[in-house]
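Trainee: Please give me a close look at one part of this model, the lining of its pocket. After that, carry on to the aromatic contacts elsewhere.

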Amino acid sequence: MPPGPDSQLDTPLTSIKGVGPRVADKLIRMGLRTVEDALYCLPLRYEDRREIRRIAQLRTDRREVFCGEILAAGQSNTRRTRRKLYEVIISDGSGQVVLKWFHFKPGWMNSRFKPGRRLVVIGEIKRFGSLREVHHPDVEFLKEGQSAEQALSSDPLEFGRLLPVYPLTEGLHQKTARKIFMQVATQYADYAHSSIPEDIIARNGLLPLAEALRQIHLPNNDWQLETLESPHNPARQTLVFDEFFYLELGMALRKKGWEGESGITFKLEHIYTKPLSGLLPYRLTSAQRRVLGEIKQDMLSDSPMNRLIQGDVGSGKTIVALMAALIAIENDYQVAVVAPTEILAEQHYRNFSTWLDELGLKTVQLTGTMSAADKKRAYQQIQHGEIDLVVGTHAVLQAGVEFARLGLGIIDEQHRFGVRQRAVLKEKGTTPDMLVMTATPIPRTLAMTVYGDLALSVIDELPPGRTPVKTDIITEHARARAYSYIRNQIEEGRQAYIVYPLVEESEKSDLLAASEAYTQFNEEIFPDLRLGLLHGRMKSEEKDSTMRAFASGKLQILVATTVIEVGIDVPNATVMMIEHAERFGLSQLHQLRGRVGRGSNESRCILVRDFRCSEDGQKRLEVMAETNDGFRIAEADLEIRGPGEFLGTRQSGLPDFRVANLMRDGRVLEMARREAFDLVSAGDISSDPNYAPLLEVLNKRWDGRLELATVA
């Protein structure tokens with residue numbers, strides 16, 4: 001079938017034989033509506049059903065096809081738990097295998113599994129001592145006088161071949177799924193085509209896209225199973241490269257777009273930056289000075305700056321951003337600082353306004369919870385150029401906020417914002433410089449993907465005097481020891497955090513709540529100490545008052561929810577106890593732990609885990625105990641949670657990955673990135689008619705989001 005228009009790939013799956021309303025509903029539950037969706041729903045693995053093995057030749061931990069006669073069948077109980085199971089012993093003369101079912105209907109099983117009947121079995125072989133077992137196998141009964149070979153040849157879709165095993169949903173069986181996917185691959189794979197230039201395909205050893213999809217769903221029987229399931233399988237690598245290439249091509253065009261714009265050429269006047277250096281009680285680290293130098297170079301050029309500062313908790317990103325802000329203000333421009341949460345916006349406001357007040361400059365805060373009157377007043381001051389620096393949440397991005405002369409936009413915790421928010425902020429000025437920051441260390445492959453259009457600066461050095469935090473994992477039994485340690489620290493003049501995941505008890509959760517725990521600590525455990533409570537439902541003034549009381553030492557223990565993940569810098573706090581630590585993500589635990597160890601005293605983080613801690617939960621806690629390295633922690637978090645959840649990329653404005661895996665396919669990502677950026681730098685592909693099909697596919701993949709190329 002010759003390649004046809006792309007619209008063929010939009011054919012609904014209900015057009016496929018065997019896909020009625022009930023099956024269609026199950027496929028929709030898997031996110032599959034069109035034949036294109038089905039083409040990109042790849043097998044999880046493959047089964048080798050090319051030959052029937054003798055029982056003596058069966059390989060442990062492999063799914064095998066074998067034949068035998070039933071010697072005995074019936075119910076029995078497991079030795080330890082006395083749980084009922086159904087066992088069938090079969091033999092082919094070379095050995096025996098026990099088939100076991102733990103979920104069964106006795107009458108139905110007895111009517112089928114009668115001694116003397118012959119059957120073909122497909123299942124994973126387990127070995128316990130000298131015994132081979134298969135749990136919940138697939139079985140095909142042979143007719144009287146029928147050989148296994150005859151039975152298998154009568155069902156060529158299921159036997160005599162390498163068979164894909166697909167992801168399923170409840171009520172959808174593997175046999176049904178295979179019939180659907182095989183039809184789709186046979187009838188529609190040829191309509192899938194990539195417009196990636198042929199020289200790039202040849203240079204990277206890739207297959208035509210249609211051929212790659214066919215090989216994935218309809219593998220040739222000549223393949224070795226290991227090769228077929230390998231990440232380096234040429235068919236799979238072609239699909240991965242195809243996804244990455246269009247992602248990176250979009251990034252390259254966005255970057256070229258803003259590099260081609262005419263930006264603000266700032267001058268270094270030192271009107272405010274030099275006095276600030278004199279006010280600071282410390283010297284900047286060499287890493288801070290290096291990154292500041294990179295920022296200055298960008299700001300002094302005539303192209304708009306688009307730079308990401310990446311630095312671990314406490315590495316000093318804020319002061320670097322403040323220096324950049326002062327360069328813009330020295331040139332009579334305004335600065336906007338946007339943070340994802342009110343608590344972080346408040347922290348930035350306090351930090352920035354403290355220094356700007358000293359320098360005689362004006363700062364204002366904009367958040368969603370401000371009164372209408374306060375907002376109106378702030379809007380007017382900003383529009384009339386009376387405000388030098390605005391700090392706020394998404395409220396800064398609202399339509400009513402108009403700047404007199406916006407010269408620099410600073411976005412913190414960039415991964416919580418999408419591309420569109422960055423664009424909206426940029427549109428509030430005339431090609432202002434953009435500086436984005438994250439305290440979430442991001443592995444290189446992920447940074448290349450999510451921030452591929454930004455220049456990257458890394459602050460990889462902590463300020464002097466910071467002490468690495470020791471981390472302990474304890475269970476409920478050791479809580480009394482932890483309380484004793486906290487009391488000892490407070491007697492030495494230190495302070496402590498106790499963190500809970502919830503504000504108040506809910507019917508859906510059995511976790512201790514911060515407010516309930518606060519009462520218990522106040523009345524029973526630390527009645528003689530000064531405690532404070534901090535949670536997200538408090539009013540801003542209450543939160544601010546509590547944080548200031550803790551920072552000044554008036555409070556000795558702060559019982560809090562995760563609102564203290566960011567926003568409090570108390571060098572005297574040397575211990576943090578995190579309840580139900582297994583319920584937190586690794587990056588969040590790392591952020592929380594970063595609240596202690598901010599001074600020169602030895603600090604400790606105590607992770608209290610539940611007895612019912614999951615395997616993933618335990619893994620996260622062990623990583624925390626092993627290292628303070630934010631990059632190592634981020635990599636582990638990425639491995640455990642996956643990139644979508646790790647970064648919140650589902651709202652980041654990037655194309656979705658259907659096949660590619662950032663952890664596994666980093667090498668292919670680098671290949672695709674190099675080819676995409678080389679192609680864009682070689683000439684203007686947007687005006688070359690030869691590349692029109694390529695750009696058409698690109699816009700479809702980005703779903704219209706590349707309109708932001710010139711404002712990214």
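**Pocket lining and aromatic contacts**

Mentor: Begin with helix α13, which contributes eight residues to the lining of the largest pocket, the most of any contributor. Keep in mind that this is a predicted model. Helix α13 covers residues 342–358, and two other helices, α12 (317–330) and α19 (540–551), also supply at least two residues each to that lining. The space in the largest pocket comes to about 1200 Å³. In total, 43 residues line the largest pocket, and those nearest its centre are Thr318, Gln347, Asn351, Asp569 and Arg598. By class, the lining of the largest pocket holds 18 nonpolar, 14 polar and eleven charged residues.

Now the rings. A pair of aromatic rings is described by two quantities, the distance of the centres and the angle of the planes. Searching the whole structure gives 13 aromatic pairs. One of them joins tyrosine 188 and tyrosine 191, with centres 6.0 Å apart and planes at 45 degrees, a tilted arrangement. Tyrosine 188 has 10% relative accessibility, so it counts as buried, the cut-off being under 20%. Tyrosine 191, at 12% relative accessibility, counts as buried too.

Another pair, tyrosine 483 with phenylalanine 521, is edge-to-face: the centres are 5.5 Å apart and the planes stand at 90 degrees. Here the two rings come from separate helices: tyrosine 483 belongs to α17 (residues 479–491) and phenylalanine 521 to α18 (residues 514–525), so their pairing ties together parts that are 38 residues apart in sequence. Tyrosine 483 counts as buried because its relative accessibility is 13%. Phenylalanine 521 counts as buried as well, its relative accessibility being 1%.

Ring pairs also build a cluster, made of Tyr86, Trp101, Phe104, Phe113 and Phe141. Phenylalanine 141 has a further contact, with a charge: the charged end of arginine 117 sits over its ring, 4.0 Å from the ring centre. A second contact of this kind involves arginine 658, whose charged end sits over the ring of tyrosine 40 at 3.7 Å from the centre.

To return to your starting point, the lining of the largest pocket draws on α12, α13 and α19 for at least two residues each, with α13 giving the most.

Definitions and conventions: Residues numbered from 1 in each chain as written. Predicted model: local features only at pLDDT ≥ 70, side-chain atom pairs only at ≥ 80, totals over all residues. Heavy atoms only, no water. 1 Å grid on protein atoms, 1.4 Å probe; cavity = no way out; pocket = protein on both sides within 12 Å on 5 of 7 lines; lining within 4 Å. Points joined across faces, edges and corners; volume = space filled by probe spheres on them. Helix = DSSP H or I, 4+ residues; strand = E, 2+ residues; numbered from the N terminus. Nonpolar A, V, L, I, M, F, W, Y, C, P; charged D, E, K, R; others polar. Phe/Tyr/Trp six-rings, centres within 6.5 Å; stacked < 30°, edge-to-face > 60°. Buried < 20%, exposed > 50% of the residue type's maximum accessible area, 1.4 Å probe, protein only. Lys NZ or Arg CZ within 6 Å of the ring centre and 35° of its normal.
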